[in-house]
Structure formats: C-alpha cells, structure tokens
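User: I am new to this structure and would like a close look at one part of it, the loops and the charged side chains. Please explain it in plain words, with enough of the overall picture to place what you describe.

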Amino acid sequence: QVQLVESGGGLVQPGGSLRLSCAASGSIFSINAMGWYRQAPGKQRELVAVITSGRSTNYADSVKGRFTISRDNAKNTVLLQMNSLKPEDTAVYYCNAEGRSGTYHGTFNSWGQGTQVTVSS
C-alpha cells in the first residue's frame, strides 16, 4: 500500500537543469532508502542515485558531480537535482523506496510510475 508519485520530468536542452521529486505515501513505518533509477530505450534499468535514512548517498559514475539527491524524512520525499544535462541522460526515471510497512512491519519495496526526461536541442 506504499505508493510513490514522481514529478518534474520534461524536455530540456543540453546543459540545462531539471529537478525531480518523489513523494511516498501509504502505510509506512520507516523508509530505509529512497533512490532514482532510469531506463533508456534498449538499455537495462540502472541506479542513478540512492539516499538512506541517515542521508548517506551513492551515485552512478556517469552522474557524479552533476546530480544531487536529497530527502526530507519527515515528508517521505526524495529530490533529484539534475544539472549540466546531457543527451545520454534521456530516459524514463523511476523512484524507488524500500523499508518497513506500518501495518505489520514487513518489508516493502515500491516503485513510482516513471517520469520522462528528454535532453535534446
């Protein structure tokens, strides 16, 4: 019953910026980690960035120095600030969250519906 809603995707020119947002809602006891994945046409889904409840972060090598992930634990929200965008960043971006359910304290792993990011001139 944990659902994720993403927003902020769109079309930008190379070198431009976008900010993605993902809000988790539902029966949540705690969220251990939230992250962003992306999938380009003909490519496998890959991890872009992840942040834990302790706010430690991990980034794909291809986005280090350009993307920044952050979260608001109280609001169960994760943000991805994307700067200096390149055409190869074009993909559908998916939000992911995993943690403990608020109903029975079992584990959950939920995905958002995806938001399209297109970088083109």
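Analyst: Strands here are DSSP runs of E at least two residues long, helices are runs of H or I at least four long, and both are numbered from the N terminus. The model is predicted.

The overall picture comes first. The chain has eleven strands and zero helices, so read from the N terminus its elements are β-β-β-β-β-β-β-β-β-β-β. The C-alpha atoms fill a box of roughly 50 × 25 × 20 Å along the principal axes. A compact globule of 121 residues would have a radius of gyration near 14 Å, and the chain agrees because its own value is 14 Å. Of the 121 residues, 42% count as buried. Among contacts between residues at least 6 apart in sequence, 56% join residues at least 24 apart. About 6300 Å² of the chain is exposed, and 46% of that area is supplied by carbon and sulfur atoms.

Now the loops. R55 is found in the loop between β5 (46-52) and β6. With a relative accessible area of 52%, R55 is exposed, because the cut-off for that class is over 50%. The phi of R55 is near 70 degrees, a positive value in a residue other than glycine. Most residues other than glycine have a negative phi. N76, in the loop between β7 and β8, also has a positive phi, near 50 degrees, and is likewise not a glycine.

A further loop, between β10 (107-111) and β11 (115-119), holds G114. G114 counts as buried because its relative accessibility is 16%, and buried means under 20%. Leaving aside neighbours within four places in sequence, the contacts of G114 are E6, V92, Y93 and Y94. N96 is 18 residues from G114 in sequence, and their C-alpha atoms are 9.9 Å apart in space.

The charged side chains come next. The chain carries 11 positive and 7 negative charges, and the mean positions of the two sets are 4 Å apart. The count of salt bridges comes to four.

One of them pairs D89 with R66, at 2.7 Å from N to O. D89 lies in the loop between β8 (77-82) and β9 (91-101), while R66 lies in the loop between β6 (57-59) and β7 (67-72), so this pair ties together parts that are 23 residues apart in sequence. D89 and R66 are both buried. Through salt bridges that share partners, R66 and D89 belong to one network with R38 and E46.

Within that network, the side chains of R38 and E46 meet in a salt bridge at 2.8 Å, N to O. R38 is buried, because its relative accessible area is 6%. E46, at 34% relative accessibility, counts as partly exposed.

Another salt bridge joins K64 and D61, with 3.1 Å from N to O. D61 counts as exposed because its relative accessibility is 65%.

To put the part together: the loops hold the exposed R55, the buried G114, and the buried pair D89 and R66, which meet in a salt bridge.

Notes
Residues numbered from 1 in each chain as written. Predicted model: local features only at pLDDT ≥ 70, side-chain atom pairs only at ≥ 80, totals over all residues. Heavy atoms only, no water. Buried < 20%, exposed > 50% of the residue type's maximum accessible area, 1.4 Å probe, protein only. Contact = heavy atoms within 4.5 Å. Rg over C-alpha atoms; globule rule 2.2 N^0.38 Å. Areas by Shrake-Rupley, 256 points an atom, 1.4 Å probe, with all protein chains shown as cover. Lys, Arg positive; Asp, Glu negative; His and termini not counted. Charge placed at Lys NZ, Arg CZ, Asp CG, Glu CD.
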